[in-house]
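Grab a coffee and open your viewer. Here are a few exercises to work through, each followed by a solution that goes step by step.

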Amino acid sequence: MKISFFTGKIAAPKSPVEHLFLAGDFNGWNPVDKASELVKNNKGTYTLNKDLPAGIIHFKVTRGDWNTVECDAAGKAIENRTVVIKGDTAVQLDIAGWQDSFAQPEKKHTATARVHVISENFEMPQLGRQRRVWIYLPAGYESDKKKYPVIYMHDGQNLFDEYTSSYGEWGIDELMDKVPVKQASIIVGIDHGGEYRIPEYDPYNSKYGEGRGDDYVQFLINDLKPYIDAHYRTQSDAAHTTIAGSSMGGLISMYATLKYPEVFGNAGVFSPAFWIAPQIYDQAQQATIGKKSRFYFVCGDAESESMVADMQKMADIVKAKGINTVNAPVTVIKGASHNEKQWNGDWPGFYKWLMGV
């Protein structure tokens, strides 16, 4: 479908408007996606024509980063814009305010005492980059001698600390603090790479660039996991090693568990962005899936028109490979959208399944 976006009334920002972008579920919420930039015409209106499939899309307008996202006239955050696409259509964008035009409440650190930063600059040789890495250690870790399962998670900025999150945190630490000690796990969070997020979490080439997903997973396998296993008391076998994430993080978690079942025995696949990399279905069809591999699929039914069907398609492939329903459950949350609030609510069910309780 051909969708024409155009600006109507635009609140004057603090600095001149040089670029406007759409950031939504159709581009991995990239706030500076060149393929989603609105261009100013000789009438002073910004326009963008995009080909998008029928369904529901969610997005916001930015001036290039999340500090300059649109807001209401009082400076408060607004809900994501929603457009139901049934045919060619035009969408007018009236912008009441910009976030950076208002004094923001001082952000506070919300990470609990169990969360630590392993390194602000952990080397990622496969990607030629560095990244902040977090760890959550269960209560009692310092006093006992037991070994713990490990969950590796993406988008580390948004897992534990409101201060570092872009659009809310999962609250993983607060959720894990409520878990009985005998069911505890170590959680490792790896920050995403900002502008590199989509290609790093995508194993395949796309319009967003060369897919570096396998390089990212190789970093986890060959560098980060050996470090964690050497420095912390872990149950390092595949059965006790999980990889989990949402959206693009759900995609790369699925890929890692399909391709490297000897390393990652379990996957938490939250609201997976399979639409951005349909090659993942062929990967699943061709994969030799470990008989003990486990996959937890969860999403909301208000995320997009195709989210539930896309996720169910992958679950069906996995089950056809011999994985039983208990080891590949599908959970659809009625009315839930694509955000950290949803994933916070999804976590307890996922974790109970993971621990078999």
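**Exercise 1. Positive phi outside glycine**

Where is the place of D155? Once you have it, look at the backbone there and at S271.

*Solution.* A quick reminder before you start: this is a predicted model.

- Step 1: Find the spot. D155 is in the loop between β12 (150-153) and α1 (172-177).
- Step 2: Check the backbone. Phi of D155 is near 55 degrees, which is a positive value in a residue other than glycine.
- Step 3: Check the exposure. Buried means under 20% relative accessible area. D155 has 6%, so it counts as buried.
- Step 4: Repeat for S271. This residue sits in the loop between β15 (266-270) and α5 (279-286). S271 isn't a glycine, yet its phi is positive, at about 40 degrees. With a relative accessible area of 0%, S271 is buried.

**Exercise 2. Pairing up the rings**

How many aromatic pairs does a search of the whole structure find? Work out the geometry of two of them.

*Solution.*

- Step 1: Take the count. The search turns up 22 aromatic pairs.
- Step 2: Try Y201 and Y216. Their centres are 5.2 Å apart and their planes make an angle of 55 degrees, a tilted pair. Y201 belongs to helix α2 (residues 197-201) and Y216 to helix α3 (residues 213-231), so the pair links distant parts of the chain, 15 residues apart. Both Y201 and Y216 are buried.
- Step 3: Now Y204 and Y255. Here the centres are 6.1 Å apart with 90 degrees between the planes. Planes over 60 degrees apart count as edge-to-face, and that is the label for Y204 and Y255.
- Step 4: Place them in the chain. Y204 is in the loop between α2 and α3, while Y255 is in helix α4 (residues 248-259), so this pair ties together parts that are 51 residues apart in sequence. Y204 and Y255 are both buried.
- Step 5: Look for a cluster. Ring pairs join W170, F270, Y296, W343, W347, F350, Y351 and W353.

**Exercise 3. Charges over rings**

Over which rings do the charged ends of R63 and R129 sit?

*Solution.*

- Step 1: Start at R63. Its charged end sits over the ring of W98, 5.1 Å from the ring centre.
- Step 2: Go to R129. Its charged end sits over the ring of Y196, 3.5 Å from the centre.

**Exercise 4. Two pockets**

What lines the largest pocket, and what lines the second largest?

*Solution.*

- Step 1: Size up the largest pocket. Its volume is about 1400 Å³.
- Step 2: List its lining. There are 43 lining residues, and K60, A77, S166, Y167 and G168 lie nearest the centre.
- Step 3: Sort them by type. The lining of the largest pocket splits into 11 nonpolar, 18 polar and 14 charged residues.
- Step 4: Trace the elements. β5 (55-62) and α7 (340-355) each supply at least two lining residues, with the largest share, 3 residues, coming from α7.
- Step 5: Move to the second largest pocket, which holds about 360 Å³ of space. Its lining has 22 residues, of which D25, F26, P53, W275 and S306 lie nearest its centre.
- Step 6: Sort again. This second lining comprises 10 nonpolar, 7 polar and 5 charged residues. β5 gives the most to it, with 3 residues.

**Exercise 5. Cysteines, and two long distances**

How many disulfides does a search of the whole structure find? Then place A244 and G87.

*Solution.*

- Step 1: Count the bridges. The search finds 0 disulfides.
- Step 2: Check two cysteines. C71 has 2% relative accessibility, so it counts as buried. C299 is at 0%, so it counts as buried too.
- Step 3: Locate A244. You'll find it in strand β14 (residues 241-246), buried with a relative accessible area of 0%. The C-alpha atoms of A244 and K76 are separated by 31 Å, and these residues are 168 apart along the chain.
- Step 4: Locate G87. It lies in the loop between β7 (81-85) and β8 (89-95) and is partly exposed, with a relative accessible area of 22%. From G87 to D214 it's 37 Å, C-alpha to C-alpha, with their positions 127 residues apart in sequence.

Technical notes: Residues are numbered from 1 along each chain as its sequence is written. This is a predicted model: local features need pLDDT of at least 70, side-chain atom pairs count only at pLDDT 80 or more; totals for chains, interfaces and linings use all residues. Side-chain values use heavy atoms; hydrogens and water are left out. Rings of Phe, Tyr and Trp (its six-membered ring) pair if their centres lie within 6.5 Å; planes under 30 degrees apart count as stacked, over 60 as edge-to-face and the rest as tilted. Helices (H or I, at least four residues) and strands (E, at least two) are DSSP runs, numbered from the N terminus. Buried means under 20% relative accessible area, exposed over 50%, partly exposed in between (1.4 Å probe, protein chains only). A charge sits over a ring if NZ of Lys or CZ of Arg is within 6 Å of the ring centre and within 35 degrees of the ring normal. On a 1 Å grid over the protein atoms alone, a cavity is a set of points where a 1.4 Å probe fits but cannot get out, and a pocket is an open set with protein on both sides within 12 Å along at least five of seven lines; lining residues have an atom within 4 Å of a point. Grid points are joined across faces, edges and corners, and a volume is the space filled by probe spheres set on the points. Ala, Val, Leu, Ile, Met, Phe, Trp, Tyr, Cys and Pro count as nonpolar, Asp, Glu, Lys and Arg as charged, and the others, Gly among them, as polar. A disulfide is a pair of cysteine sulfur atoms within 2.5 Å.
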